[in-house]
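Trainee: Could you take me through one part of this model up close, and then show me how it sits in the rest of the chain? I'd like the backbone details in particular.

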Amino acid sequence: MHGEYKVPNGKLVVVDLDIEEGVLRNVRVAGDFFLEPDEAILSIDGALEGAPASTDAAGLAARITAALPESAVMFGLTAEGVGIAVRRALARATEWSDYDWQLVHTEAQAPALHMALDEVLTAEVAAGRRAPTLRVWEWASPAVVIGSFQSLRNEVDAEGAARHGMTVVRRISGGGAMFVEPMSTITYSLSVPDSLVSGLTFADSYAYLDDWVLGALGDMGIKAWYQPLNDIATDAGKIAGAAQKRVVGTDGGPGAVLHHVTMSYDIDADKMLEVLRIGKEKLSDKGTRSAKKRVDPLRRQTGLAREAVIERMIDSFRTRYGLTRGGVTDEEMARAEELVRTKFGTAEWTARVP
């Protein structure tokens, strides 16, 4: 069995192993990390040898930590990362490079249609009828997008939204509200087979699926990192938030994960505060007194046009994993439009949590 895991802000860990009578055998850990002293790698292999195959990542990490000499120094490597790589091997997880990725980047769409396309395209991946897809959104109008479980009246000032011409829609994933203006926001979705995140906890899957965009931002001179559970942050402040939805496979398909991210290219903080109800409780764990200081836009940090940022992100993904331009099929679009009519464009769905 073979498993790989790139430690967030670190290096790649590769594990090869066998299972014999329910325990790990012939374990070999490798990667492009740094480890001193040299023989510490044997301590890691030895700690995993004979471990029950049912041991979770935390339990495997504890065995490694206990076996390492006090003088051991790990750089780009963590005991937890090795444990996750083992779990991915046991789950027969796939890797990014196993797939022919498709890019969907089309004309601007209405907010409700974006919600529907996320559901339809991810369902197609879950059924095995669509290749894993990176979809970059273009917005036809300003919007507030609330999480699946958020209270409409608690999150959105209806008068403020109407005054600024903002459509309010509800997405299928959890998480917080998104304040969107077409030329001030960068949004993308990943619709991926669930085997890509096999062996990862829910929290670890966020970091794993965000890793490529951290690299893209780094190429633009921005040192960014994953901040649990679902933020991308820099020294200057938060620049993005992510949300996920797991979709069960049909017709023998593998199941899929929807992972979408909204990034602030620019932001009208005064308008945002007139539209969103951002309470003191929400801000209390963010280390700031002002909602205006929570988000630091990409425009200021990069000095690049929005279109240039998007193109650099796409190029970075293509360089890492390959990416072929595709589109939404007529059938997929018809299903999405029907979902707008019956679900995402209805008051019943938007206010399902009043």
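**A close look at one turn**

Mentor: Let's start with Glu 21, which sits in the loop between β2 and β3. Keep in mind that we're looking at a predicted model. The two strands around that loop, β2 (residues 12-20) and β3 (residues 23-31), run antiparallel and are joined by 7 bridges. Together β2 and β3 make a hairpin, with 2 residues between them. Where the turn begins and ends, Glu 20 stands opposite Val 23 in β3.

Now for the backbone. Phi of Glu 21 is near 50°, so here's a positive value in a residue that isn't glycine. That's worth a pause because most residues other than glycine have a negative phi. As for the surroundings, Glu 21 counts as exposed because its relative accessibility is 85%, and the cut-off for exposed is over 50%.

Stay on the hairpin for a moment, and go along to Asn 26. Its phi is near 55°, again positive in a residue other than glycine. Asn 26 lies in strand β3 itself, whereas Glu 21 belongs to the loop between β2 and β3. With a relative accessible area of 40%, Asn 26 is partly exposed.

While we're on backbone angles, have a look at the peptide bonds too. Most of them are trans. Glu 36 and Pro 37, however, are joined by a cis peptide bond, with omega at about -5°. Pro 37 has its place in the loop between β4 (34-36) and α1 (40-48). Another cis bond runs from Pro 228 to Leu 229, and there omega is near 0°. Note the order of the residues: in the pair with Glu 36, the proline comes second, but Pro 228 leads into Leu 229. Leu 229 is in a loop as well, between β12 (225-227) and β13 (231-234).

One more residue before we zoom out: Phe 202, in helix α7 (residues 202-219). Phe 202 is partly exposed, at 42% relative accessible area. If you skip the neighbours within four places in sequence, Phe 202 is in contact with Gln 244 and Arg 246. You can also set Phe 202 against Ala 57: they're 145 residues apart in sequence, yet their C-alpha atoms are 13 Å apart in space.

So where does the hairpin fit in the whole thing? The protein comes to 13 helices and 16 strands, and β2 and β3 are two strands paired in antiparallel fashion. Among contacts between residues at least 6 apart in sequence, 71% join residues at least 24 apart. As for overall dimensions, the C-alpha atoms fill a box of roughly 65 × 50 × 35 Å along the principal axes. The radius of gyration is 22 Å, which agrees with the value near 20 Å for a compact globule of 354 residues.

Then there's the surface. Of the 354 residues, 51% count as buried, while Glu 21 is exposed. The protein exposes about 15700 Å², and carbon and sulfur atoms supply 51% of that area. If you care about electrostatics, there are 39 positive and 50 negative charges, and their mean positions are 7 Å apart.

To come back to where we began: the turn of the hairpin holds Glu 21, with its positive phi of about 50°, and Asn 26, also with a positive phi, follows in strand β3.

Notes
Residues are numbered from 1 along each chain as its sequence is written. This is a predicted model: local features need pLDDT of at least 70, side-chain atom pairs count only at pLDDT 80 or more; totals for chains, interfaces and linings use all residues. Side-chain values use heavy atoms; hydrogens and water are left out. Helices (H or I, at least four residues) and strands (E, at least two) are DSSP runs, numbered from the N terminus. The radius of gyration is taken over C-alpha atoms; the globule rule is 2.2 Å times the number of residues to the power 0.38. Buried means under 20% relative accessible area, exposed over 50%, partly exposed in between (1.4 Å probe, protein chains only). Contact means heavy atoms within 4.5 Å. Accessible areas come from the Shrake-Rupley method with a 1.4 Å probe; for residues, only the protein chains shown count as cover. Lys and Arg count as positive and Asp and Glu as negative; His and the chain ends are not counted. The place of a charge is taken as NZ of Lys, CZ of Arg, CG of Asp or CD of Glu. Two strands pair if DSSP finds at least two bridges between them.
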